Amino acid sequence: MKNKYVFLPLLFLSLILTFNTQAQQQQLADQIVAHVNDNIILKSEIDQSVADYMRQAQVQGQQVQFNKGLWFDFLESAIDNYLLLEKAQIDSITVSDEEVELRMDQRIQQLIRQAGSEQALEQAFGKSLLQLRADFRSDFREQMIASKVQQQKMQSISITRPEVNEFFESIPKDSLPTIPEQVALSQIVIIPPARGDAEQRAFEFAQQLRDSIVTHGKSIEELARRHSDDQGSARRGGLLPLMGLDELVSEYSAAASALRPGGISKVVETQFGYHVIRLNRRVGDQIETNHILISVDSEELDEDFAIERLKAIRDSIMSNPDVKFADVARKLSEDPSTSNLGGKIFDPQSGERLIPLNRLDPAMYRVVLLMDEEGYISEPKSFNLQSQNKKAYRIVRLDRQIPEHIANMKQDYERIKSIALQQKQYRIMQQWMKELRDDIYVEYKINVPEMESSL
């Protein structure tokens, strides 16, 4: 039987992994539905996976009805997962204890955010966080190993230009999709500086909050909820779950990693403002912290300074051919995510330079609508610099514009190549999983219906 859900181990099992050991406890009274070498699969395991998947879908606003086909799809997925584990043993593919702990912590932090608090999570599962980690450490290890095997196989699959041509030619001409209008853009960003002594007042307030914690025993969680300007973490009492040191701005990670667990930092200045940081724990190169962020109020920013500076930059680029937009962006732009790239903006969804107009954020869309030719540079416009959660100003250059058109190899080669590669990977992975079933012992202990493949 062909398995149309060969990728369930990667796409769904990580979503439906929950903290439940009933299957192990009921093994003697349970029904064995399949063997993969020495591994047994119990009916209750598949029942639980299906139920968890349906609950997950409901949380996401989707309604999934139970049916026999769904149940057998999850059985096939569980068999595939064990096949990947057997292949990992053959190829000596492993994951380290540190990798497992990091992934477990990330998953638990995600569940805590969804539940609202550690207490709510523990109440939902009827177990402490320590018990949850202990119960399912082996499940995380197995899932990571299976994913690693599958990823290694996927990465070994490439595609040639003739194969891309063949794929494109196989598409009926009347079925070729219409590609919406796309643009390639670059920007130079200036963040308005603080007026007068606003910066000093923000620092002094952060210092007062630190004194309240260190000297007077106030709770950093409570002060973060009341005063922190990081709205994302403030409602969690300033909690930033386990994050890699390279995921945090350098000043923050340096100050936090220098602390002992429970220690409170001095006031730390970053591009976001002033922080008071408590280190909760460190696991490898990841840290968990609570923090309070105090930033300068937007009403105390010198917006005229940013506007005038950008106007001067724009005039210089437009009047002097030797002044290149990319060079100025690298030197002067205050958005680190684009300045190192010469100001180039990439589609956050696809990673491509060409961005469909309908995927631009509203502020950028309004800027682009006023551009009528490639090379045009906009007047300074305000926007919210999300990476720093600050009001900023920018000038934008229209680097390239492609009108709406029918897909073709000249304009859309990279997009077509990506789709063709995905289809090739899927076909090869399907065949590879079938070969694993031929090489590794699989026995069904129940009658399995013949179901149509999605291929």
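In this predicted model, strand β8, spanning residues 286-294, is mostly tucked away, with 9 of its 9 residues buried. Gln286, Glu288, Asn290, Ile292 and Ile294 point to one side of β8, while Ile287, Thr289, His291 and Leu293 point to the other, and all of these are buried. That fits the usual pattern: in a regular strand, side chains alternate between the two faces of the sheet.

β8 has company from β5 and β7. Strand β5 (residues 239-244) runs antiparallel to β8 and is joined to it by 4 bridges, with Leu239 sitting opposite Asn290. Strand β7 (residues 273-283) is also antiparallel to β8, and here the count is 9 bridges. Val283 of β7 faces Gln286 of β8 across this pairing. β7 and β8 make up a hairpin with 2 residues between them, and Gly284 in the turn takes a positive phi of about 60 degrees.

Ser228 also comes up against residues of this strand. Ser228 belongs to the loop between α11 (220-227) and α12 (231-234). Setting aside residues up to four places away in sequence, Ser228 touches Leu223, Ala234, His291, Ile292 and Leu293. The last three of these, His291, Ile292 and Leu293, are among the buried residues of β8. Why does Ser228 count as buried? Its relative accessibility is 5%, and the cut-off for buried is under 20%. Closer to home in sequence, the Ser228 side chain reaches the backbone nitrogen of Asp230 at 3.2 Å.

Turning to the nonpolar interior, the largest core holds 40 residues, and Ile41, Ile46, Trp71 and Leu75 have the most contacts inside it. Two or more residues each come from β1 (32-36), α4 (43-59), α5 (68-91), α6 (97-115), α8 (129-155) and α18 (409-439). Of these, α5 is the top contributor, with 12 residues. A second, separate core has 15 residues, among them Ala202, Ile220, Leu223 and Tyr274. Leu223 has already appeared as one of the residues touched by Ser228.

What does Ile41 contact, leaving aside neighbours within four places in sequence? The list starts with Gln31, Ile32, Val33, Ala34 and Val36, and then takes in Ile46, Leu75, Ala78, Ile79 and Tyr82. Ile46 and Leu75 are, like Ile41, named among the residues with the most contacts inside the largest core.

Helix α18 has a couple of features of its own. At its start, a side-chain oxygen of Asn408 comes within 3.1 Å of the backbone nitrogen of Lys410. Further along, α18 bends by about 45 degrees at Arg415.

Charged pairs come next. Side chains of opposite charge can pair when their charged atoms come close. The model has 21 salt bridges in total. One of them brings together the side chains of Asp80 and Arg437, at 3.1 Å from N to O. This pair links distant parts of the chain, with Asp80 in helix α5 and Arg437 in helix α18, 357 residues apart. Are the two partners buried or exposed? Asp80 is buried at a relative accessible area of 1%, and Arg437 also counts as buried, at 18%. The pair is part of a salt-bridge network that links Glu76, Asp80 and Arg437.

Glu101 and Arg137 form another salt bridge through their side chains, at 2.5 Å from N to O. Glu101 is in helix α6 and Arg137 in helix α8, so this pair ties together parts that are 36 residues apart in sequence. Glu101 is partly exposed, with a relative accessible area of 23%, and Arg137 is partly exposed too, at 29%. In a third case, the side chains of Asp197 and Arg201 meet at 2.3 Å, N to O. Here Asp197 is partly exposed at 47% relative accessible area, and Arg201 is likewise partly exposed at 39%.

Finally, there is an open sheet of 4 strands, ordered β9-β4-β11-β10, with antiparallel pairing. β9 (355-356) and β10 (381-385) each have a single partner strand and stand at the edges, so each has one side without a neighbour in the sheet. At the β10 edge, 5 bridges pair this strand with β11 (residues 390-402) in the antiparallel sense, and Asn384 has Lys391 in β11 as its bridge partner.

Conventions: Residues are numbered from 1 along each chain as its sequence is written. This is a predicted model: local features need pLDDT of at least 70, side-chain atom pairs count only at pLDDT 80 or more; totals for chains, interfaces and linings use all residues. Side-chain values use heavy atoms; hydrogens and water are left out. A nonpolar core is a set of buried Ala, Val, Leu, Ile, Met, Phe, Trp, Tyr and Cys residues joined through side-chain atoms within 4.5 Å. Buried means under 20% relative accessible area, exposed over 50%, partly exposed in between (1.4 Å probe, protein chains only). Contact means heavy atoms within 4.5 Å. Two strands pair if DSSP finds at least two bridges between them. A polar contact is a pair of N or O atoms within 3.5 Å; within protein, one must be able to donate a hydrogen and the other to accept it, and residues adjacent in sequence count only if both atoms are side-chain atoms. The bend at a residue is the angle between axes fitted to the seven residues ending there and the seven starting there. A salt bridge is a side-chain nitrogen of Lys or Arg within 4 Å of a carboxyl oxygen of Asp or Glu.
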